[in-house]
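Q: Please take a close look at a single part of this structure and describe its surroundings in a connected account.
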Amino acid sequence: MHIHYFQHDHFEDLGFIGDWAASRGFTTSVTRFDLLPELPLQQEFDWLVVLGGKMSVNDTVEFPWLTDEIAFIKKAVKAGKIVIGICLGSQLLAKACGAEVFRNAEPEFGFWPVKFSTEASKDFVFRHFPGELTVLHVHFDTFTLSAGALNMANSPITNCQAFRLDENVFGFQFHFEVTPENVCDFILEIEPEIVPALFSQTAEQMLTLTGCCAGNNKIFEKVLDEIYSIHH
């Protein structure tokens with residue numbers, strides 16, 4: 001199996017997903033939009049993973065490649081590819097599926113809990129999550145649900161923290177790919193973005209809460225294995 005991923009910042013890489021893929025003998029390739037926005041052919045990959053980034057989905061004037069990226073994601077979804085979006089990636093995925101992306105009432109920065117829905121507990125992939133899980137958030141924007149999508153999780157200020165559309169599309173507003181090995185560097189890289197808000201921790205606060213990353217990676221190992229098993 002081959003996974004292609006879209007990377008938008010130098011430090012936001014596959015993280016745990018890369019470790020998971022390597023441990024199962026899968027191959028990976030990347031489009032670095034921060035370096036050279038070259039897109040692969042659709043037939044060259046099985047899964048598409050769309051990672052986070054500092055820009056907004058709506059910053060198409062400053063980052064004109066966003067328009068091509070969204071169109072490419074839409075085509076991959078229609079082709080039945082497995083498409084997974086994380087943070088900015090979930091927003092790009094929502095946009096590609098017809099949803100609206102806009103500024104949230106408050107930003108979320110730091111380790112905060114999300115609650116998983118009744119639909120999640122019954123879902124073939126999301127059933128691996130507990131009812132509540134503390135995860136890493138780094139986002140200003142949020143989105144509506146596209147037609148047919150199921151809302152799988154929420155937080156006090158974000159109506160949709162995770163969604164599934166059909167059996168091949170999975171969006172996560174939070175970061176599960178950050179590992180115990182790279183979480184400290186990740187937090188230091190995002191520190192300039194942090195603004196004071198109701199759900200906004202300082203970098204120093206975040207660095208005391210990184211212990212949940214290892215457990216979250218274990219949950220997502222089951223999630224990724226489930227997605228793979230359903231389609232093979």
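Which residue stands opposite F170 in β9, and how does the region around that strand fit together?

A: In this predicted model, R164 is the residue that stands opposite F170 in β9. Strand β8, residues 158-165, pairs with β9 in the antiparallel sense over 4 bridges. The hairpin that these two strands form has 3 residues between them, and D166 takes a positive phi near 55° there.

β9 also has a parallel partner: 4 bridges join this strand to β4. One pairing there sets V83 against V169 of β9. The side chains of β9 alternate, with V169 and G171 pointing one way and F170 and F172 the other, and all of these residues are buried.

Helix α2 comes into this region as well, since β9 (169-172) is among the elements against which the buried residues of α2 pack; the others are β1 (2-7), β3 (47-50), β4 (82-86) and α3 (88-96). The helix covers residues 65-78, and its 14 residues reach 20 Å from the first C-alpha to the last, close to the 20 Å expected. Buried in α2 are W65, L66, E69, I70, F72, I73, A76 and V77. Viewed down the axis of α2, these buried residues fall within an arc of 160°, so they line one face of the helix. K75 and K78, on the other side of α2, are exposed. Just after this helix, G80 adopts a positive phi of about 85°.

Helix α3 is mostly covered, with 8 of its 9 residues buried. Among them are L88, L92 and L93. G98, just after α3, has a positive phi of about 100°.

Key
Residues numbered from 1 in each chain as written. Predicted model: local features only at pLDDT ≥ 70, side-chain atom pairs only at ≥ 80, totals over all residues. Heavy atoms only, no water. Expected span 1.5 Å × (residues − 1). Buried < 20%, exposed > 50% of the residue type's maximum accessible area, 1.4 Å probe, protein only. Arc of directions from axis to C-beta. Contact = heavy atoms within 4.5 Å. Pairing = 2+ DSSP bridges.
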